[in-house]
Amino acid sequence: NSVYLSRMDLVDGTPVLDIKPYTPHDSLPPDTYTVPDWLEDVSVPCREVELSAKALGQLKDFYSKAQAQPAKALQSFYKSAEAAGEFISQVLQYDIRSLYRQSLSGRDNIHQVDLDVFEVQFAVTEEKVIVTTVFRGT
């Protein structure tokens with residue numbers, strides 16, 4: 001029941017909170033690696049993501065203000081509201097809530113996550129994720 005780590009950039013005694021397997025799918029050509037069956041056969045359900053008119057308007061507002069006032073430019077990886085919206089959709093299509101939050105389905109339906117420079121509020125239904133509000137993070 002132990003995991004031994006080496007060659008890590010950690011301070012001695014620092015707790016390791018999350019360990020994930022290395023999945024080479026995005027970084028190596030397909031013919032240069034093998035993936036164990038237990039990892040290859042995992043299917044992750046996806047939901048449709050809908051950005052509300054309010055959330056989309058907020059994203060567009062952030063980017064238009066950043067263009068008008070360069071001193072207040074967003075320090076975002078994404079250069080447009082559309083690109084930022086696509087990024088948010090790609091992340092939220094997977095159920096990123098904890099198992100505990102998933103078990104509260106219907107009782108605790110507004111969730112928040114920090115993505116890039118945004119604080120994103122969203123609701124989850126059986127069929128889709130609805131992004132309700134996007135705040136500019138600090």
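## Exercises on a mixed sheet

E119 stands opposite F135 in β4. The model is predicted. The exercises below start from this pair.

**The hairpin**

Task: State in which sense β3 and β4 pair, and how many residues lie between them in the hairpin.

Solution. Start with the ranges: β3 covers 118-124, and β4 covers residues 128-136. E119 faces F135 of β4. Next, take the pairing: β3 and β4 run antiparallel and share seven bridges. Last, look at the connection: the two strands form a hairpin, with three residues between them.

**The other neighbour of β4**

Task: Find the bridge partners of E48 and V49 in β4, and give the direction in which β1 and β4 pair.

Solution. Take E48 to begin with: its partner in β4 is K128. Then take V49: its partner in β4 is V129. β1 and β4 run parallel, joined by four bridges. Strands in a sheet pair through backbone hydrogen bonds, in either a parallel or an antiparallel way.

**The whole sheet**

Task: Write down the strand order, and name the edge strands.

Solution. The order is β1-β4-β3-β2, an open sheet of four strands with mixed pairing. The edges are β1 (48-51) and β2 (110-115), each of which pairs on one side only. From one strand to the next, the twist averages 30°.

**Helix against sheet**

Task: Determine which strands helix α2 touches, and which face of β1 is covered.

Solution. Helix α2 spans residues 53-68 and packs on the sheet. It touches β1, β3 and β4, and its direction makes about 35° with that of β4. Now split β1 by face: V49 and L51 are on the covered face, whereas E48 and E50 are on the uncovered one.

**Two residues, two accessibilities**

Task: Classify H111 and D116 as buried, partly exposed or exposed.

Solution. H111 belongs to strand β2. Its relative accessibility is 8%. The cut-off for buried is under 20%, so H111 counts as buried. Its contacts, leaving out residues up to four places away in sequence, are R97, R101, V120, Q121, F122 and V124.

D116 sits in the loop between β2 and β3. Its relative accessible area is 27%. Partly exposed runs between the 20% and 50% limits, so D116 is partly exposed. Check the backbone too: phi of D116 is near 55°, a positive value in a residue other than glycine.

**The cavity**

Task: Give the volume of the largest cavity, list its lining, and sort the lining residues by class.

Solution. Count: the structure holds one cavity of 30 Å³ or more. Volume: the largest cavity has about 30 Å³. A probe the size of a water molecule, rolled over the atoms, shows where empty space is left. Lining: R47, L92, Q93, Y94, D95, I96, F122, V124 and V129. Classes: six of these residues are nonpolar, one is polar and two are charged. Cross-check with earlier steps: V129 is also the bridge partner of V49, and F122 and V124 also touch H111.

Conventions: Residues numbered from 1 in each chain as written. Predicted model: local features only at pLDDT ≥ 70, side-chain atom pairs only at ≥ 80, totals over all residues. Heavy atoms only, no water. 1 Å grid on protein atoms, 1.4 Å probe; cavity = no way out; pocket = protein on both sides within 12 Å on 5 of 7 lines; lining within 4 Å. Points joined across faces, edges and corners; volume = space filled by probe spheres on them. Nonpolar A, V, L, I, M, F, W, Y, C, P; charged D, E, K, R; others polar. Pairing = 2+ DSSP bridges. Axes fitted to C-alpha atoms, helices over the stretch in contact; angles between N-to-C directions. Contact = heavy atoms within 4.5 Å. Buried < 20%, exposed > 50% of the residue type's maximum accessible area, 1.4 Å probe, protein only.
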